[in-house]
Structure formats: structure tokens, C-alpha cells
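Hello,

Here is the structure I promised to pass on. My notes follow it.

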Amino acid sequence: MIRLFATHRILLPVVSLAVLLAATFYMQPRAMSYFGVNLLFNLAVPIALATVAQMMIIMVNDIDLSLGAFVSLVACVTATFLHDTPVLGVAILAGLIVAYAGIGALIHRFDLPAIVVTLGMSFVWGGLAVMILPSPGGAAPTWLRSLMTVKPPLLPMAVVAAILIAGLTHLLIMRSGIGTVLRGVGGNATSVVRAGWPVLRLKAGAYGLAGFFGVLSGMALVGLTTAADANIALRYTLLSIAGVILGGGEFVGGRVSAVGAVIGALTLALAASFLSFMRLSPDWQIGAQGAILILVLTARLIFTRRDKEQS
Amino acid sequence: MQSAFQNGTPIVALNHAEKHFGAVRALDGVSLSIAPGECIGLVGHNGAGKSTLVNLINGGLAPTGGSVTFPASGESRALSAGVRSVFQELSLCPNLSVAENLRISHSDLKGAGWRKKARAEIIQSLDAVFPDHGIGADTSVDRLTIAERQMVEIAIGFAPRGRDARLVILDEPTSSLDAGIAQQLLAHIRQFCADGGAVIFISHMMGEIFDVASNIIVMKDGKIVANKPTSQFSRASLVEAMGHVGVKNSKAAVRRQASDFGEEVLKSKDGLTARRGEIIGLAGLAGHGQAEALARLYFSNTSSWRMGKASNMVFVAGDRGRDGVLPLWSILRNMTVSILPQTARRGLVDRDAEKRTAADWKTRIGIRTDDVDNPILSLSGGNQQKVLFARALASHASIIIMDDPMRGVDVGTKQDVYDMIQTEAATGRTFLWYSTETEEVCQCDRVFVFRDGKISAELTGDDITEDRILEASFEMQEASA
Amino acid sequence: DTSGKRIALSNNYAGNSWRQAMLHSWEDVAETAVAAGTVAAADAFTTSENQATEQAAQIQNMILQGYDAIVVNAASPTALNGAVKEACDAGLVVVSFDGIVTEPCAWRIAVDFQEMGRLQVEYLAGRIPDGGKLLEIRGLAGVFVDDEISAGIHKGIEEFPQFEIAGAVHGDWAQDVAQKAVAGLLPSLPDVVGVVTQGGDGYGAAQAFKAAGRDTPLIVLGNRQDEMAWWSEQHADNGYETMSLSIAPGVASLSFWVAQQILDGAEVPKDLSVPFLKVTQDTLDTTLEGTPEGSVATIDYSLDDAKGVIAGAM
Amino acid sequence: MPIVKFILSRTWIWSWVAAAGAFMMVMALTQGRGASELAYAALSFGAFAAIVGLGQMLVITLGPGNVDLSIPATMTLAGTLALKTMGSDPNTAILGFTVAIGVGILAGMMNFALIYLLRLPPIIATLAASLIFQSIAIWSNRGLRIKPPEGLADFATGRTFGLPNVALVGLGLSILVWIVLERTVFGRWLLAAGQNLRAARLAGIPVEFVRATTYITVAVFASIAGFFLSSFSGGAALNMGQEYLLTSIAVVVIGGTSIAGGMSNVPGVWGASLFMFLVVSMLNSYGLGAGVRMMLTGTIIIGIVIAASTRRTRA
Ligand SMILES: Nc1ncnc2c1ncn2[C@@H]1O[C@H](COP(=O)(O)OP(=O)(O)OP(=O)(O)O)[C@@H](O)[C@H]1O
Ligand SMILES: Nc1ncnc2c1ncn2[C@@H]1O[C@H](COP(=O)(O)OP(=O)(O)OP(=O)(O)O)[C@@H](O)[C@H]1O
Ligand SMILES: O[C@@H]1[C@@H](O)[C@H](O)OC[C@H]1O
Ligand SMILES: [Mg+2]
Ligand SMILES: [Mg+2]
């Protein structure tokens, strides 16, 4: 059993999510419906996208402290420019992705610590967001709103979206050739350089992908909330990091899992709901979120540790 | 082979190539050309410039002066000229599978179904070099032993990768392989050269060099001091060319008896025992649990919470990058890190005592540097290893654990270290010594042979021979066959 | 009859004394109302970070939990609209207060924050007819309340052009942040006659002026007990006089009763407004007495007050 | 000019250059008026950032992945509990300080217990612990702002020999940290563990002791900062430490400490702390809006890091 969990790292996040979901359904049977599941998970969709974005950065051994501010900025752009002047909006979003790639190149070129550069960028993104929307507002483009509230047959939107995101990023990162090389950069950049790869471009590519998923995250968020503000997603920075780790990723060494990251994001979203169903005293509601984070990660530890002892 | 050397257009040609690191002339005007079919054995003391030469050829370093060209292919980059390198430090991506690692080196492996092709290619190459390797193409590299990783890396070096390899450079490829696997590699190299490929083979093991090389190049202090067909060297003349004087023939002093040692000072759960003043060898095929047993022993006898003034046990790492070197520090700080509490007063480092110790050991163990305040990474691999030895020997610890510590150490230094170990043992220090080289193990007073993570034999006295060790290493396989 | 109905409070932030007083006020009213059988439950929920996304999820959970009404102090007037709409569609009553939401299906119990800003300048004009330079302390950038109060202040400046804003800093509604920001600006700030604020920042500003060795200008305060205690001290020392105003945290209890009335079938207009709580020199001593140490001046609203507010808006 | 070369090769110089630059920019605006006031304010407020920064620096020195995200919550908890214990009564300052230190020790032990016993990555462990600390702070005092005892408040806002007392406290702690890092065996152990934990353990260093001590130290430093900050600003608030999360990391890395671990830099932390205060003060003085101000702050931070790194590679 332990072997099984160790060789298939993805099993543990899956099982944690399933257990948490079962407990949630037990406490709140109303949630066990098409409608209920959608309510439980639809706000996890932008979190999942942000987590995938963070995963791209962690994959190349960096960490992105600006992601929350970036998603907020994207949300502001989406609710203003993309709504009012779609062409300009698309151009700005594309520009943001290019900027992200540029940051990756900058970090590699000057061998800068990503943690500081992204910390600095969080101020830059935040400043831009405040300039675009000094006060909350804007509106989601109609097509985006209908996309995020679509009601597909059988499975609710949130589940369909999660499966799509997980599947596509898995193909991109875990299966494709270029994804393999990108993970190689995280595993041993020297060997990738020696094999003749332009690591500068690879790094820019990884950051560009992060920017791309960050843009998707911000857009999905506005589609759900219908409007934006400059601070709307600041929390995504830490949530996305926690999501990658919950999903079986590691901070160094290019060990990430696309499916795991999406599941990690869903687990985090569900954990918060689970707690609110428990109706704790308001004093302890915040602390309980910390406790549940510890709990879920401890399960992961038990299996990885046993595995190490056995091998 | 001789004729190929004379005729073919060189794959690579160096013309007065130089490489300086600040004041250090790592490579001091080297001219050399390598033709198809040649198998060059490259030897030299630690820090002679072998790895630097290799890095100049494969493009990892740009020459400070002179030129490196690839006449046979007319290409300007080593990779496109068909030059492959297997590096001294392992350079696989541990998070990727064996097949995925091939993908990193083989950039043309694109499109749908590339995994299938990659799997086939790496397995084919592994089969060709190391029959019965037992490595799966989808195994993640971090689950392989160090020897298996080395094998994968060598196999990637020889794999077709879309364009056949013309020149494969192997920088100490056998340092973590056991004798049997190393023989398979040597056989493959011979075949590869016979088929028109060229190889540069770097090793500190003279036997291997004589076994495989058609030509031997001797380097010393950044220069080529000899470049002749192998047949024109004898063991003695080669060692002399490398500049080692007074290398004694390894017939050491008379074998010591059980009565020469003190009381039992160590008894591990794995069954390892040691007496005071004894040198214990750990042998067996690489990756059969020797290193792990030593690590366990060390971890369970030392604390990660307390450190007394006199720790009883010290560790000499063989895998320097992972287990030994503190890369940001100077040679001095690396050397003294374990002995600080011995001289400290009220928790403050005694910096004069530290300087004295470093200067003392620099000369005693012969570290090639002009200043112990230089960064540790400015030393060649073998010299870094000497620093780790000094770190352990300078301590007051009575038990010294050595995890294949001679990896990459040159012949002359090895001899110095052997002598030092003998002397220290005579003063009552106990050594536990794991080595992949049977020759080294044979110098021990008692030997434990490992198989499948367990001790399969304990040899003493005249039983300590290469044959008996090999026998114990394979015992179980024969029994089950 | 609402005895079977369940009401939830969705709160996005608990990190300052104002919010704690608000939660306290809710707890009081909830306890008595549940004990009296007026409603079946009145639970309070707070998210861990001041974030609209988390609060949107919280509201969605409340729908699943089967509450009949949600009373919400929103992190953003617009970013919760999606979740609020979902709640309305599921048949819940949504009442927003303090941080109100713009979604039309919800009720709003608003304070005229613009007026709160304008009134400060008006008060200063009364005290200092000659006018002069002012320092503006703002709240948290990008947040609705900050923008509104500031807009009101600027309106006031247009109305009383003898005043001019000589400098502005963001104090994030926290004394220590305000203190730091003001201290950093003071060396380059010309003499100012007054400080216009947003609440929770006046005491910090006063500290900064004191540390720089400058005369304390007329600082409009925000009803925090420590501010009022300082004011009272200053008054005793040197006759210092000012004004203090803020929204009363007790508005949570008003919102509770409004929600209860809507559930009870009462006709309630979508937009209600409450006056802000103003403390003047005359009311300072009594207000200070009634405010627990370290808390915020407040008033608790009863069912009758709620009926009055509703009737007033009809 | 060997001295110039020596100075330019120090990574910490850039934070000082930037701080001086921001200072000059303000002075350009005021034609030199208010120089001493600005310097005084920068020292006072910079001290808090420097104290938490020193702690964070030690943790970051432990190597990649080591960081304490619970600093703000620890500051708040220490400030809240200390002020509650003192309850504005005179002559309770020592008692309050003891409570704050106690909170720091316990918080650090809690953080390290999660890291060591549960093997959680420090980022996650300290994040989770900080949520728990926040709850305890809320539960213990319900957000009431209790005034510090007068004597303590006077000390926190007062000055000695013309320097702010809080800056002197910060300076004392800096000297202590500097001595530990440069001269003591423990400092060597810490730097070694930060370069390669496994190698350090194999060299006989009690690495878990080193890590535990470091995580407790950062929490104690946060507690000291929280204690003095709440005394300085007239009471503890639940959101008191919030801005010190990013600030504590920023001052460490802007100050030239390598996030790869194994290397520390005390003067840089001070340069960066002064800079972080002065840059906001400069942008405020020029009357820039919040958006522009944030953008410029971010850009300047990145600029300093690039300047420091290109210097390093050339040197
Ligand atoms: N990056 C560097 N910076 C400074 N000096 C260097 C650097 N790399 C190598 N050297 C120096 O160049 C010389 C040659 O080193 P090299 O690694 O080529 O030796 P080697 O022959 O491969 O030794 P070994 O057998 O120990 O591996 C040594 O003196 C070494 O200290
Ligand atoms: N068997 C082992 N193989 C490899 N690494 C190990 C092994 N045991 C421990 N380590 C490494 O050493 C570090 C400290 O080990 P450990 O906690 O076992 O110390 P300890 O000696 O048991 O301490 P104490 O005796 O005080 O409890 C761990 O972080 C781990 O990475
Ligand atoms: O909600 C706001 C509160 O957080 C702030 O402190 O004071 C004004 C209120 O509107
Ligand atoms: Mg070498
Ligand atoms: Mg060997």
C-alpha cells in the first residue's frame, strides 16, 4: 500500500480530496448535487489556473511572489479594457504574458533571485492595477460571464473545467518533449545547457506559460465575480504555492505534477468550505484553516517517509 | 588502430589552447588532434588540467588563448561535430526518467510518440554497453543507485541520438563502477574505436588505461608531457611521466594480527564490528548497501542535536558535492569546520588555531593551492577530496568512516593517504573504509563483503584476496543459478 | 413569523478594533434574538484574509448550508456580485452594510462616505475660516471606502477653496501604518493647519507630529477609544478641540433586524442609509465613558430602530 | 583605488546607495530642510524592519526554502499578549517584555516542530502556524487596543544621545547577530548548514539544533519588534505586523544576503530597512499617487538587485 502511494505520487492528493469531499457531503448532504458541487468548486477554477501558473515557476526551481498581484491586474484589465475595447484588451493581456517571459529571461540572464524580482514585480503589478481601477468596478465581458456560468450536461462547469485544465497541462508538462526539457531545467540545469539547449529561452518559456495561465486565472475570476478590484486575488500567491505542494510538488528539483496541482487547488478550496460547514467560533475560524493545511500535508508526509525508510 | 591514427582527418584539433582562471594556468598551451579510431588514455595528477581540457573540447569553457576546431565535420560547435561528453560529476536530471534524460540530450526526438522512440533507443544503448543492466527506461533517475546513474549517463553518451557519436569523452567514468561493470565498458570502448569512433578516456586506474588505450597522453601542470602509443609505456614509466616519485609497490608492511588491536569499539545492528586501531574494509559490488550501512552507522552514533567537544566519529565523504564540500567557503573553513569546538573558547572561534591547523594540513597532505583562503571550488576534484581527508584526520575522533573516499584521487596522493591511514591506525584510531576498488580493500585488516544490503562474508588475514571478495560478492547469484 | 429562519453574517475581515466591535454587536443581537425565538440561528463567519474571492466562496457555502438570509459586509462592492446573484437566485435574502454590494437584488444599508469626507472639510472651515494647508490620510488603496471618503474630501475642498491638500499618504486605517507614513512625509511637508482622515489613523498621525516636534494641527478623528482618550487629555491640557466621526460598528445589529424584517415579509426599500456617528466636544465625555477601552464608539440598534430606518426610507 | 574596489565589491553597498539616493531626493525637494527629522524618522521606523529583517536573514541563511511567514502574526501575538498583561499599569515593562519573549520562544518552537516533526516545507509550516497565531491573538483580546504603560511608551518613542531608542535596540541586536555570525562556532555551523545540510550533518554539525535555534531566534526577534512597535504606536492592533511579511524578506535580499543560503549580511539589512522607509517617504513627498508609488517601489527594488548582482559577477 505504501509502495503504491510512493510510486504513484498522485494517489495521495486524490485520496485526500476524496476523503475531504466525503466528509463535506456527510456534513452538508445538500452539497451532493449538480448545483452543490458547482457551488463548492466554481471559485476553485481560477485558483487551479493560478496554481498551474505557480507550478510552471516552481518547475524551474523559482518561486513567484507576484502571482496574486498579477492575477488581480489581469482581472482589472479584463473587467475594463477587455470589456470596453476587446482588441486593446487582448493586446494588453498578450503584452502581460510577454512581460512575464521577459522577467524569466531577466532572472536567468543576470542570475537574480526570483523571490526578490517577483517580490518587486508584485509592487509593479499592484501599482498598475490600482491605476486601472482605483476603486472596485468594471464588468465582465458577457461571453466570459456565460462561459463561466455555462451548465454542461452530466458534470457541472467547475468539474469539467478542472478536468480540462489538469488534462491539458499534464499533456503539456509531463508528456510533451518540451515539457520534459522544462522539467529538466529544474532537475539539473547544467545538463540541459550541456546538451545544447538555450536555457535562457526555456526559462522565458516557463515564465511565459506562467503568465499565460495567470491571465486565464484572472479572466476566469472576473467571469465568476462579474467585476474586479485591485486587491481581488492577492491571496492567490500563497494559495497557489500551497496548492502545488499539496499536489505533490516540491520546491526544488523540477518535481511537479500538473494533475496534482489542480487537485491541490481543489482541496484547498474545499477545505475552507468544510470548515465553514463545521460552524466554529469566529475566533478560531482563521486558525482552523491553518490546522487543516497542516493535517492534509501530514498525510503526505507519512507516506513519503515510510517510503524512504523502506528503500 | 595505429594506422587510423596516422591517416584520418582529426575530429578535433587543439592548437596552443590555453585556459587561465585568474592566475591559475589550468591549461598552458596544449596542442593535440584526435583522429577516428583513436582511443586516448588521458592521465595526470589531480589538478593537472584533464577536466579543463575536456571542457575546452566540448565547448563548456572558451579557451583563453589558442584554438579548438573540428576539421572532420567542419562544424564549429562540439555537439554538432559529434563530440559527446560524460562528465566527472554526474549530470543527469534526477527528476526525469531514464528515457526522458535521453530526450534532453537528443533534441531532434520530437513529435508524437517520441517517448516510445526514446525508450527503445536508450535500452538499446544500455544493452550494447552493459548487457544485463536491469535498468528500466521509465524508472526515475533518483531511484537509481549511483552506479546505475553512471551507466545511464555512459549509455546516453554512446546512444545514436540522430547523429552517430564521433568522439566520446569519458571523464573518470568508472569511479563509481565495480570491476565487472567497468570491464563491460572497456570492452564496449574497444569495439567502438575498432568501428571508427574515437574516445578520450580519463582515469586514475592505470590498469584500465593500459587495458583500453591505444595512445596515452600524460598531463602535468596544465601541459602535455608525454603523448605516445600505449605500447611504449610501462607501468613504471607512466607513473614516472606523471611526476610521482617514490610510489612504493603496494606490498605494504606485514599483515597485522588480531592481537595487534585493542578492544572492540564498535558493533552495529548490521553486524559490522571494529576494534581499536583496526582498518575495516567494506567491499562488494557497487550499490549493495555499503554506503548506506556507513551512513546509518554514522547517523546513529552522532547527534543532530548535540555536539560535544570531542566527537567520537568522523566521516569522509566520497560523493563530495552531495556529502562533503561546503561550496561557498574557502579551503581553510572547509578544513576546520569539524574541529572548531576543540579549540573554541566560550563559543568563539579561535582563529589563530584555525590558521595553524590549516597551514599544517596543507603541507602534510599536499593540497595544491597557493593560499588556503582561496575558495574550495577552485581546487580540482582530487584536491577537494584531500581537504575532506584533512578535515577528518585533524579531529580528535577515534573512529573514521570513509565512504569510497579515493574517488578521483591520483595515484601519488592515494599512496600518501594509505600511509597516513596506516600511521593513524597505529596510534589507535579505527577506520571503516568502503571502496569500489578491490586493491584498496585488500590493504585492510578485516573485510566485510556486502550483497543485497547485507553482509555476506567476513574475511580476515590471508583470506582477504580479490578472488575471495569477488566470490562473496556473487555467492548468492551462483547459489540461486 | 421568522422563528424558523436562519440568518448568517458574512464578514471579510476581523483584523481591526472596528470589525471586532462589529462582530461583538452581532453576537449580542444574535444571542438575544435566538434566545427569544425570533430567529432559529444567526451565525457569524469570517474569512481569514481580507479577500473578495474567499468571501465569494463563503457566500456560496451559506447557500449550501440552507440559510434564509445573508447579512454581508463585503470586501468589494462588485467582486461579490456573482455570488450574491447566486444567493438571490436560490431564494436567499441578501442584506449588505458598511462594505455594500452593487448587485441590484441585494439590500444596501449604506453610510454616505462621501458626505463623511465632505463634512470634515466643512467642520475645518468653521474652525479655521482663513483656511490653509491640509494633510490627507487615506485608507487602503484600491478599496471602495477609501476612494469614496477621499472623493468627499476633495468635494469639500472645492466647496471651501481656502483649503488646499499639501500632501497625502495611505495609512491603511491602521494607527501604526499611518504614524509611519506621516512621519516619512513630515520633513518635506509645509506647516499644515488640519488633518483629514478616514478613521483608525488619527492617533497615529498625532504621534508622528509629536515625534517630529511639530505643533499638533487640528486632526479629525475616527471614534476609536484611544483617539478620543487622547483628545480628552489634550483638551484638559490645552483646550484642544476637534471632531470625530465614523460609521458605528453597531450597524451590524441594524442589518440583522432589517434582514429579519424582510424575512418577515415587510416591504423594505433596497437602499437604506444610516447616519454616521459623530462625536463633538459636547458629547465626548459621555461617548468616551460608554466605549470600552481599546474599542470603538458604537450604538446598538433595536428592532424599533430598524423599523424607523425602514419607515424613513419609504 | 583598492578601497573603492573593496567597497564596491560588497553586496550591501547598494542598499545604502539606494537609501542615500532616496534621502537626497527628498532633500532636493525641501532644499535641505528637515534633514535631521527625516534621518531620525528613518532610523526609528527602519529599526522595526531591521529587527525582523535580522531574524529573517538568519532563517534565509539556512538555505533554499527556509523562510518565516509567521513574522507578522508573531509580532501581533507578542504585542497583544504583552500589552494585555501589562494593562497600562506602571512598572510592568519588564513583565511585558518577558511575556513577549516567551511568546517568541513558543512561536518559534511551534514553527520548528511543524518543520521537524511533520517535515513540512517551512513556507507552508510557518504560513499555517501564522493562521493559528492570529486566532490566538483574536481570541485573547478581541482586537481591543490597550495602551502601553506610560514609561514604556516614553522609552519606545524616546531618544538617547540623539538617536531613537528603538534604533539603539536594533543596533544592539545587529551587533549581537554580527558577532554570532562572524566569530562564533554557532555562526559557522549556521553558515555551513545553509550551504549543504547533509554535508554539514556529515561534518559533525548538530544541524537540527542549529535549525531549531534559528527558527526560535527569528520568532523572538519578531516578538521584540512587536513589543516595541505596539509600545511605540500606542497599542497592539490585530493587523499590526501585516506589512512586515514582505518587508522582512525584502530587506534581507535587497541587503545582499543570498537566498541560496550559507551567506549573511548584517549591514545590508540596515541599508535596506532605511531604504524601504525612505523610498515611500520620497514618493509621498513628490505627491505621487498610490499606483505610481507602488510601481516605482517595485522597479527600484529590482534595480538594486540587478546592480548588486552585476557587480558581483564582475568582481
Ligand atoms: N573554475 C575554476 N576556477 C579557478 N580554478 C580552476 C577552476 N577550474 C579548475 N581550476 C584549476 O585548474 C586546474 C586544473 O583543474 P582540472 O579540474 O582540470 O584538473 P583535473 O586534472 O581534472 O584533476 P582531477 O583529477 O582532480 O579531476 C586546477 O589547479 C584547478 O584548481
Ligand atoms: N539513514 C540515513 N540515510 C541518509 N540520511 C539520513 C539517514 N538518517 C538521517 N539522515 C539525515 O540526517 C539528518 C538528521 O538525522 P537524524 O534526525 O536521524 O539525527 P539523529 O542522529 O537521529 O539525532 P538524535 O540522535 O539527536 O536524535 C536528517 O535530516 C536526514 O536527512
Ligand atoms: O469597514 C471599515 C473598517 O474596516 C474601517 O476600519 O473603518 C471604516 C469601516 O467602514
Ligand atoms: Mg577532473
Ligand atoms: Mg572507484
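**Helix α3 of chain A**

Six of the eight residues of α3(A) are buried, so the helix is largely enclosed by the rest of the structure. Bear in mind that this is a predicted model. The buried residues are A:G36, A:V37, A:N38, A:L39, A:L40 and A:F41.

What do they pack against? Within chain A, the partners are α2 (11–27), α4 (44–59), α9 (157–175) and α13. Chain C adds α2 (52–64) and α3 (81–89). The surroundings of α3(A) therefore come from two chains, A and C, with buried meaning under 20% relative accessible area.

**Chain A against chain C**

That leads to the interface itself. Chain A gives 38 residues to the contact and chain C gives 34 residues. Between them the two chains bury about 3,000 Å². Carbon and sulfur atoms hold 55% of that area. On the chain A side, A:L39, A:R235 and A:R279 lose the most area to chain C. Together they make up 19% of what that side buries. A:L39 is also one of the buried residues of α3(A).

Now the polar part. There are two salt bridges between chain A and chain C. One residue pair joined by a salt bridge is A:R279 with C:D43, at 3.6 Å from N to O. The interface also has 11 residue pairs in polar contact, both residues at pLDDT 80 or more. Four elements of chain A each give two or more residues to the side that touches chain C: α3 (34–41), α11 (199–225), α13 (258–278) and α14 (282–310). By residue type, that side of chain A divides into 21 nonpolar, 12 polar and five charged.

**The two domains of chain B**

Chain B is divided into domain 1 (3–242) and domain 2 (258–480). Their centres, taken over C-alpha atoms, are 29 Å apart. In the contact, 18 residues of domain 1 of chain B meet 18 residues of domain 2 of chain B. The area buried between these domains is about 1,400 Å², and carbon and sulfur atoms give 54% of it. Which three residues supply the most on the side of domain 1 of chain B? They are B:N46, B:D178 and B:H204, with 37% of the area that this domain buries against domain 2.

One salt bridge crosses the interface of the two domains. B:D221 forms a salt bridge with B:R368, with the closest N and O atoms 3.1 Å apart. One residue pair is in polar contact between the domains, both residues at pLDDT 80 or more. The residues of domain 1 of chain B that touch domain 2 divide into six nonpolar, nine polar and three charged.

**Salt bridges**

Over all chains, the structure holds 38 salt bridges. Some deserve a separate look.

A:R255 and B:D142 meet through their side chains at 2.8 Å, N to O. A:R255 lies in the loop between α12 (236–246) and α13 of chain A, and B:D142 in the loop between α4 (114–129) and α5 (146–158) of chain B, so the pair joins two chains. A:R255 is partly exposed, at 22% relative accessible area. B:D142 is partly exposed too, at 29%.

Back to the pair B:R368 and B:D221, in a salt bridge at 3.1 Å, N to O. This pair links distant parts of the chain, 147 residues apart. B:R368 is in the loop between α13 (351–365) and α14 (381–393) of chain B. B:D221 is in the loop between β8 (215–220) and β9 (223–229) of chain B. B:R368 is partly exposed at 45% relative accessibility, and B:D221 is partly exposed at 42%.

B:D323 and B:R322 form a salt bridge, with the closest N and O atoms 3.0 Å apart. Buried or exposed? B:D323 counts as buried at 2% relative accessibility, whereas B:R322 is partly exposed at 44%. Salt bridges that share partners also join B:R275, B:E278, B:R446 and B:E458 into one network.

**One more residue**

B:D445 sits in the loop between α16 (438–441) and β16 (446–451) of chain B. B:D445 is buried, with a relative accessible area of 9%. From B:L96, B:D445 is 349 residues away in sequence and 42 Å away in space, C-alpha to C-alpha.

Best wishes

Technical notes. Residues numbered from 1 in each chain as written. Chains lettered and ligands numbered in written order. Predicted model: local features only at pLDDT ≥ 70, side-chain atom pairs only at ≥ 80, totals over all residues. Heavy atoms only, no water. Contact = heavy atoms within 4.5 Å. Buried area = accessible area lost by both parts, 1.4 Å probe. Salt bridge = Lys/Arg side-chain N within 4 Å of Asp/Glu carboxyl O. Polar contact = N/O pair within 3.5 Å; in protein donor to acceptor, adjacent residues only side chain to side chain. Nonpolar A, V, L, I, M, F, W, Y, C, P; charged D, E, K, R; others polar. Buried < 20%, exposed > 50% of the residue type's maximum accessible area, 1.4 Å probe, protein only. Domains from an automatic or database assignment.
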